[in-house]
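Student: I've got a structure open and I'd like to learn how to read it feature by feature. Can we walk through it together?

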Amino acid sequence: ALEHGARVCASDMEAAHLALLEQRVPAAQRDRLRTCVGALPEVDFPAGSFDAILASRVLHFLDGDALPRAMAAFARWLRPGGRVFLVADTPYMPSWSEIVPRYEAARQSGERWPGFIADFRRYTAKRADGLGPEFLNTLDPDLLARECVAAGLVVERAGWFGMQRLGAASAGREHAGCIARLEAGSGV
């Protein structure tokens, strides 16, 4: 986006991640990059600040109370006609795909967050640092679309897609994506 002349605001809960980004951006583009340390849903920006928002692989770290608040914030931060682009991990990610039967049963029964993994650290126990999130709220395209609509956005497209890592086998449903917009003239 910076290469094409856009102004970008990058936000992350880790200042070190933003510092690394700033180091990697060419000097000629740095005046169009702004960074903000913060975590969803607490981070905030003025209403109507953005033409587009990308939330890539972050929403699944939010629980059922925080995720709708984050979506409402996205709608508030968009200018009319602006779009939100969402990417989230799903229950079909190979590392925790054993939850799929429970997820599918919970989805069938109408559970609000069928892909919620309360004991997620059991899936990260092999990490050398022993860290990882306590829980994970895996999502699917329908859940992303539902939350966009609840926030007052119009869904343009929602669907599954596979892992994009070089050489990784993909079943095609490891990630969920959604594109939604704030209608022109809308005042969310």
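Student: Let's start with strands. In which sense do β3 and β4 pair?

Tutor: Keep in mind that this is a predicted model. To call two strands a pair, you want at least two bridges between them. Here β3 and β4 pair in the parallel sense, over six bridges. For one concrete rung, find I53 and look across to β4, where its bridge partner is V84.

Student: What is the strand order in the open sheet of four strands?

Tutor: You read the order by stepping from partner to partner. In this sheet that gives β3-β4-β8-β7, and the pairing is mixed. From one strand to the next, the twist averages 10°.

Student: Which strands stand at the edges, and what does that leave them without?

Tutor: The edges are β3 and β7 (154-161). Each has a single partner strand, so one side of each has no neighbour in the sheet.

Student: Which strands does α4 lie across?

Tutor: For a helix over a sheet, look at what it covers and at what angle. Helix α4 lies across β4, β7 and β8, and it runs at about 25° to β8.

Student: How do I tell whether a residue in that helix is buried or exposed? Take E147 and A150, for instance.

Tutor: Use relative accessible area: under 20% is buried, over 50% is exposed, and in between is partly exposed. E147, found in α4, has 3% relative accessibility and therefore counts as buried. Set aside its neighbours within four places in sequence, and E147 is in contact with L67, P68, M71, R112 and W113. A150 also lies in α4, but its relative accessible area is 64%, so A150 is exposed.

Student: And what about distances between residues, such as A150 and R76?

Tutor: Compare the separation along the chain with the separation in space. A150 and R76 are 74 residues apart in sequence and 13 Å apart C-alpha to C-alpha. Now take Q108, which sits in α3 (residues 100-108). Q108 and A150 are 42 residues apart along the chain, with their C-alpha atoms separated by 21 Å. Q108 counts as exposed, because its relative accessibility is 71%.

Student: Is G82 in strand β4 buried or exposed?

Tutor: G82 is buried, as its relative accessible area is 3%. Leaving out neighbours within four places in sequence, its contacts are D51, A180, R181 and L182. For a distance check, the C-alpha atoms of G82 and G115 are separated by 29 Å, with these positions 33 residues apart along the chain.

Student: Which residues touch the most other members of the largest nonpolar core?

Tutor: A core is traced by following buried nonpolar residues that touch one another through their side chains. The largest one here has 31 residues, and L59, F74, W77, V84 and L86 touch the most other members. At least two residues each come from β3 (50-56), α2 (66-77), β4 (78-89), α4 (141-150) and β8 (175-181). The largest share, eight residues, comes from α2. Apart from this core lies another, of eight residues, including W96, Y123, L136 and M163.

Student: What does L59 touch?

Tutor: Not counting residues up to four places away in sequence, L59 touches L40, L67, M71, F74, L86, L139 and L144.

Student: What is the volume of the largest pocket, and which residues lie nearest its centre?

Tutor: With a pocket, ask about volume and then lining. The volume is about 1,400 Å³. There are 38 lining residues, and C9, A10, S11, D12 and L54 lie nearest the centre. Elements giving two or more residues to the lining are β1 (8-12), α1 (15-24), β2 (33-37), β3, α2 and β4. The largest share, seven residues, comes from β3.

Student: Last one: where should I look for backbone oddities, say at P41 and R57?

Tutor: Check omega and phi. The peptide bond from L40 to P41 is cis, with omega near 0°, and P41 lies in the loop between β2 and β3. R57 is not a glycine, yet it has a positive phi of about 55°. You'll find R57 in the loop between β3 and α2, and at 33% relative accessibility it counts as partly exposed.

Definitions and conventions. Residues numbered from 1 in each chain as written. Predicted model: local features only at pLDDT ≥ 70, side-chain atom pairs only at ≥ 80, totals over all residues. Heavy atoms only, no water. Core = buried A, V, L, I, M, F, W, Y, C linked by side-chain atoms within 4.5 Å. Buried < 20%, exposed > 50% of the residue type's maximum accessible area, 1.4 Å probe, protein only. Contact = heavy atoms within 4.5 Å. Axes fitted to C-alpha atoms, helices over the stretch in contact; angles between N-to-C directions. 1 Å grid on protein atoms, 1.4 Å probe; cavity = no way out; pocket = protein on both sides within 12 Å on 5 of 7 lines; lining within 4 Å. Points joined across faces, edges and corners; volume = space filled by probe spheres on them.
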